[in-house]
Amino acid sequence: MDPADPVHPALGVLTVLTTVDSAEAAAALARAAVEARLAACAQISGPVTSVYHWKDALETSQEWQVLFKTTSAAYPALEARLAAGHPYGTPEIIATPVVRGGADYLAWVAQEVAAG
C-alpha cells in the first residue's frame, strides 16, 4: 500500500475527541490547539447529554464536545495541551485514526499541523 494514498491509515490523520462543561471551555481548548497548530481545526458540538458513573453516583450532565483534526505526530503535544487546559481532573481524550478520507482534506490537515 502506498503511504501517500488517502485511504491508507499510515497517512497519520487522527480525530481527537474531548468533552467539557461549557461552551466557553470548549472554545478555549479549540482556539488554543488550532493557534498552536496542534490541530488543523476543531469543531464544537453541544450541548450533549452525558450519563455516567462518577464517584459511586449516577450522573447526568450537559457537556460540549470538541472534535480536533490532527496528525499522529502532533498527538502527544495536543493531548498534553488538552490535559493542561482541561477543566476536568480526569478528562476524556480519545484519538481515532482516520482510515479513509478525501485526499485534499487529509493533505490540508497534515499541512496545517506541520506548519507549526
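**Entry 1: a term to start with**

I call a nonpolar core a set of buried Ala, Val, Leu, Ile, Met, Phe, Trp, Tyr and Cys residues joined through side-chain atoms within 4.5 Å. The model I am reading is a predicted one. With that noted, I looked up the largest nonpolar core and found 17 residues in it. Val16, Val20, Phe68, Leu78 and Leu82 touch the most other members. I then checked where the members come from: β1, α1, β3 and α2 each supply at least two residues of this core. Helix α1 gives the most, with 5 residues.

Next I picked out Val20 and listed its contacts. Beyond four places in sequence, Val20 touches Ala25, Ala26, Leu29, Glu63, Trp64, His86, Pro87 and Tyr88. Apart from the largest core I found another core, of 7 residues. Val13, Leu106, Val109 and Val113 are among its members.

**Entry 2: the whole chain**

I stepped back to get my bearings. I count 3 helices and 4 strands in the chain. Reading from the N terminus, I follow the elements as β-α-β-β-α-β-α. The C-alpha trace spans about 50 × 25 × 20 Å along its principal axes. Of the 116 residues in the chain, 31% are buried. I also looked at contacts between residues at least 6 apart in sequence, and 72% of them join residues at least 24 apart.

**Entry 3: the sheet**

In what order do the strands of the open sheet lie? I read the order as β2-β3-β1-β4, with antiparallel pairing. Strands β2 (41-54) and β4 stand at the edges with a single partner strand each, so one side of each has no neighbour in the sheet. Neighbouring strands of this sheet are turned by 30 degrees against each other on average, direction ignored.

I went through two of the pairings. β1 and β4 run antiparallel and are joined by 4 bridges. Here Val16 has Ala95 in β4 as its bridge partner. Helix α3 (residues 103-114) packs on the sheet and touches β1, β2 and β3. The direction of α3 makes about 90 degrees with that of β3.

β2 and β3 also pair in the antiparallel sense, over 12 bridges. Across this pair, I see Ser45 standing opposite Gln65 in β3. The hairpin of β2 and β3 has 2 residues between the strands. In that hairpin I noted Lys55, which takes a positive phi near 50 degrees.

**Entry 4: helix α2**

Which residues of helix α2 (residues 75-85) are buried? I found Tyr75, Leu78 and Leu82. Seen down the axis of α2, the buried residues fall within an arc of 65 degrees, so they line one face of the helix. A general rule helped me here: an α-helix has 3.6 residues a turn, so residues three or four places apart point the same way. On the other side of α2, I found Pro76 and Ala84 exposed.

I then asked what the buried face meets. The buried residues of α2 pack against β1 (13-20), α1 (23-35), β3 (57-71) and β4 (94-97). Two of the α2 residues, Leu78 and Leu82, I had already met among the core members that touch the most others.

Ala83 is in helix α2 too. Is Ala83 buried or partly exposed? Its relative accessible area is 40%, and since buried means under 20% and exposed over 50%, Ala83 counts as partly exposed. I also checked Ala83 against Gly116: they are 33 residues apart in sequence, and their C-alpha atoms are 20 Å apart in space.

**Entry 5: two buried polar residues**

I looked up Ser50 first, which lies in strand β2. Ser50 is buried, because its relative accessible area is 16% and the cut-off for buried is under 20%. The side chains of Ser50 and Glu63 are joined by a polar contact of 2.4 Å. Leaving aside neighbours within four places in sequence, I find Ser50 in contact with Glu59, Thr60, Ser61 and Glu63.

Then I turned to Thr19, which sits in strand β1. Thr19 is buried as well, with a relative accessible area of 5%. Which side chain makes a polar contact with the side chain of Thr19? I found Glu92, at 3.0 Å. Setting aside neighbours within four places in sequence, Thr19 is in contact with Glu63, Trp64, Gln65, His86, Tyr88 and Glu92. Glu63 turns up in my contact list for Ser50 and in my list for Val20 too.

Definitions and conventions:
Residues numbered from 1 in each chain as written. Predicted model: local features only at pLDDT ≥ 70, side-chain atom pairs only at ≥ 80, totals over all residues. Heavy atoms only, no water. Buried < 20%, exposed > 50% of the residue type's maximum accessible area, 1.4 Å probe, protein only. Arc of directions from axis to C-beta. Contact = heavy atoms within 4.5 Å. Pairing = 2+ DSSP bridges. Axes fitted to C-alpha atoms, helices over the stretch in contact; angles between N-to-C directions. Polar contact = N/O pair within 3.5 Å; in protein donor to acceptor, adjacent residues only side chain to side chain.
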